[in-house]
Amino acid sequence: MVDVTEKEMDNPTFKSDTVLSDVHLHCPNKRHLMVRLNAVGQPVFLSYFKLLPNTEDLASEKNVRETTTEGEHQYRSGDELCDKDRNNLKKERALNSEGVEALLDDDGDLEVVRRPRSASDLEAEDLLRDRVYPVILMKGKEDAFEDEEQECTCSDVVKIEHTMATPLEDVGKQVWRAAFLLADYILFERDTFRCCSVLELGGGTGMTSIIMGTVAKRVYCTDVGEDLLSMCEQNVALNKHLMEPGRGEIKVKELDWLKDEFCTDPEAPYSWSEGEIADLHDHCTVIMAADVFYDDDLTDALFRTLYRITQNLRNSCTVYLALEKRLNFTLRHMDVTCEAYSHFRNTLNDLENLQDRKMKYTVEPIKLDFCQFLVYERIEQL
């Protein structure tokens, strides 16, 4: 429970072990602190991810921002510089013209002068930041959050509902770096995927499928678990305006890698119709998966599913796999290893070396020198 006294209710302090659902009980009038809980009681957040034209534009935008901020520090419109600020500026100009000696004191020590930043400077800098941050969802559809949601309905912002931390069985509810990497590649190779029919395995929150839906004709975004698929469907609805120009369509479906058949029970949510299965087999030319290789048994199941589906496709197909190599120290090896990645590579080699008269698989790595369209850290382990 959160220990909040009556006087502290208006300004509660959150710590690492704070349970947000308890805050609802202590601060019922603070609607902006509330979160929507999903079916299993996890707080759900909404993040905005801004799409950038390319890395050059990102660098240019950063340069403009820094130049603007520097100008605001030196020239305040409508305000007189105080004497201290004026003296600091004189010393800065002296440093530019006369070198370091201009700022040495009588003993020869370097005198470093920092101009204090005003509140207006900090507010201006906040306004210039990219909107890439989690926003706490409010309860109910009628509250003030709708205004902000409508404000962000634009062609360069992707809105994703997700959780911040989950148990292992719910990792699909988080947004992972490899999903951003695959999304970058889709945006970089738009023409390659234009008007394609695509299947995503382990779609999670739907981030990659949504990006693919901006260029492809149809995307089947699949995963398992009604709560996760409901979140994914909500994200597709939040970003439907991004698909409208290209008339792309995203269908959220259940696909359990541990089962040999598609779910066709009409009573089950997110099941497949016979027509959808036929459409997948007749038209799918792209399969993709991002950050789904973290468990050896699930990796084996995914490759079995890949083999089963590709056997039934009418056309040749390209499979795009993105993942992050996660290093862990293991007592078994007494060393830092990446066992999940090693198992993935071994299974991939087995698929490529498979002796099958009907099918042939060829594996090719993709260089990661393509442009970055989303703001995230593209680490070397991707």
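Leaving aside its neighbours within four places in sequence, which residues is Cys-154 in contact with?

**Entry 1: Cys-154**

I began with this residue, keeping in mind that the model is predicted. I found Cys-154 in the loop that runs between helix 5 (145-151) and strand 4 (157-162). Once the neighbours within four places in sequence are set aside, Cys-154 is in contact with His-241 and Leu-242. I then looked up the spacing to Leu-242, which is 88 residues away from Cys-154 in sequence, while the C-alpha atoms of the two are 7.9 Å apart in space. I also checked whether Cys-154 is covered, and I noted a relative accessible area of 27%, so the residue counts as partly exposed, given that buried would need a value under 20%.

**Entry 2: helix 12 and helix 13**

Next I turned to a pair of helices, helix 12 (residues 296-311) and helix 13 (residues 339-352), which pack at an angle of about 25° with their axes 10 Å apart. Because of that angle, I entered helix 12 as roughly parallel to helix 13, the cut-off for this being under 35 degrees. I recorded the crossing of the two helices as right-handed. On the side of helix 12, I listed Asp-296, Thr-299, Asp-300 and Phe-303 as the residues that meet helix 13, where the partners include Glu-339, His-343, Phe-344 and Leu-351. Sorting the residues of this contact by kind, I have 5 nonpolar, 3 polar and 3 charged.

**Entry 3: aromatic rings**

I then went through the aromatic pairs, of which the structure holds 13. For Phe-180 and Tyr-376, the ring centres are 5.4 Å apart and the planes stand at 25°, so I put the pair down as stacked. This pair links distant parts of the chain, since Phe-180 belongs to helix 6 (residues 177-188) and Tyr-376 to the segment after helix 13, with their positions 196 residues apart. I found both Phe-180 and Tyr-376 to be buried.

A second pair that I looked up is Tyr-220 with Trp-272, whose ring centres are 5.2 Å apart with planes at 25°, so this pair is stacked as well. Tyr-220 sits in strand 6 (residues 218-223) and Trp-272 in the loop between strand 7 (249-254) and helix 11 (274-283), so the pair ties together parts that are 52 residues apart in sequence. Tyr-220 and Trp-272 are each buried.

My last note concerns a cluster, in which ring pairs link Tyr-185, Phe-188, Phe-193, Tyr-320 and Phe-370.

Notes: Residues are numbered from 1 along each chain as its sequence is written. This is a predicted model: local features need pLDDT of at least 70, side-chain atom pairs count only at pLDDT 80 or more; totals for chains, interfaces and linings use all residues. Side-chain values use heavy atoms; hydrogens and water are left out. Axes are lines fitted to C-alpha atoms, for helices over the stretch in contact, and angles run from 0 to 180 degrees between N-to-C directions. Helices (H or I, at least four residues) and strands (E, at least two) are DSSP runs, numbered from the N terminus. Angles under 35 degrees count as roughly parallel, over 145 as roughly antiparallel, 65 to 115 as roughly perpendicular and the rest as oblique. A crossing is left-handed if the near helix is turned anticlockwise from the far one by less than a right angle, and right-handed if clockwise. Contact means heavy atoms within 4.5 Å. Ala, Val, Leu, Ile, Met, Phe, Trp, Tyr, Cys and Pro count as nonpolar, Asp, Glu, Lys and Arg as charged, and the others, Gly among them, as polar. Rings of Phe, Tyr and Trp (its six-membered ring) pair if their centres lie within 6.5 Å; planes under 30 degrees apart count as stacked, over 60 as edge-to-face and the rest as tilted. Buried means under 20% relative accessible area, exposed over 50%, partly exposed in between (1.4 Å probe, protein chains only).
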